[in-house]
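Hi there,

Here is the structure I promised to pass on. Have a look at it first, and then read on for my notes.

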Amino acid sequence: LRKFEMKILLASPRGFCAGVNMAIESLDLTLTEFGAPVYVYHEIVHNQYVVESFKKKGAVFVDAIADVPEGSVLLFSAHGVSPEIRKMAADRNLNAIDATCPLVTKVHLEAVKYAREGYTIFLIGHEGHDEVIGTMGEAPESMVLVESVEDVAKLEVPDDAQVAYLTQTTLSVDDANRIIQALRARYKNLVNPPKEDICYATQNRQEAVRKIACDTDLCLVLGSQNSSNSQRLRELAGDTGKPAYLIDGKADLDSAWFEGVESVLVTAGASAPETVVQECLDWIVQKFGATVEPVIIRQENVSFPLPKKLRQLQA
Ligand code: SF4
């Protein structure tokens, strides 16, 4: 018998952001309006559960435009795509619907603007991430990827006085700040957009973990391994010295993690559905008699409109 009651501190905000909600609704609506199959360039959002459930409804996820039959319906995912991909889709006569998150589009537009003005642009981000590939594609000649503070010392640019930085939307705020500081120390004229690129959802979910993790013995982050913002939440929770796990759902839970644990932080990355959170809570409650205590750090009420083509269909 346990000598103490286990408490689950349920972080809020957590889970779906406005961009993910919009992308998922877009794919749902596209499937309803056009019927299966609907092709999706890359995962609609980086979450196994979401991707698998859409596969069952007739979505086909591809990593190359060449894999989409001519004339088909194609959805661009929340992470955005480069102009080259858009052109390839047009050349293939695809009916492309763009579910890029507007906050990713914001970074694309900044890249285009700075490149046009002759700046070299440092993009702070993770190599190979869909969003980074899309953003770099806006101005490949003018952009340099910076992944770490160490990278900053190795940079070489045509003109030290014409430099700007942008960031991926889902970075660790703390890591990004360290890199920005190193860039500022090296480039006195470094410029940046008036409003930062790390999005509200990333910042709020990190803020909640930063505030709650210290009071817990174990941290659980719902999200997939390839979800950048979820990985950052797990790292942040782990930085407090507590065991922290990134899990897709209740099947990944291990009773051994809960030994001697009095309080558990539960949160979810921006692409993780609330269903998987609730299933995990139920599992912990049933197994250990835990009680759930919501901890609301901040209210969110952001929403984004559906892509224009879908809005027109609804009109
Ligand atoms: Fe948009 Fe941020 Fe959500 Fe990414 S995490 S889809 S940038 S709101």
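Which residues surround the ligand? In this predicted model, the ligand has Cys 17, Gly 19, Cys 101, Leu 103, Thr 169, Thr 170, Cys 199, Tyr 200 and Ala 270 around it. Sorted by class, this shell holds six nonpolar and three polar residues, and no charged ones. The ligand takes up the space of the largest cavity.

Next, please turn to strand β2, which spans residues 38-41. Are its two faces covered or not? Both are covered: Val 38 and Val 40 are buried on one side, and Tyr 39 and Tyr 41 are buried on the other.

Strand β2 also has two partners to look at. With strand β3 (residues 59-62), β2 pairs in the parallel sense over four bridges, and there Val 38 stands opposite Ala 59. With strand β4 (residues 73-76), β2 again pairs in the parallel sense, over three bridges; here Phe 76 is the bridge partner of Tyr 41. Helix α2 (residues 48-57) joins β2 and β3 in a right-handed β-α-β unit.

One last residue for you to find is Ile 65, in the loop between β3 and β4. Is Ile 65 buried or exposed? Its relative accessible area is 3%, and the cut-off for buried is under 20%, so Ile 65 counts as buried. If you want a sense of distance, Ile 65 and Glu 300 are 235 residues apart in sequence, and their C-alpha atoms are 36 Å apart in space.

Happy browsing!

Notes. Residues numbered from 1 in each chain as written. Predicted model: local features only at pLDDT ≥ 70, side-chain atom pairs only at ≥ 80, totals over all residues. Heavy atoms only, no water. Buried < 20%, exposed > 50% of the residue type's maximum accessible area, 1.4 Å probe, protein only. Pairing = 2+ DSSP bridges. Right-handed = clockwise from strand over helix to strand, strands pointing away. Near = heavy atom within 4 Å. 1 Å grid on protein atoms, 1.4 Å probe; cavity = no way out; pocket = protein on both sides within 12 Å on 5 of 7 lines; lining within 4 Å. Sits in = over half its atoms within 2 Å of the grid points. Nonpolar A, V, L, I, M, F, W, Y, C, P; charged D, E, K, R; others polar.
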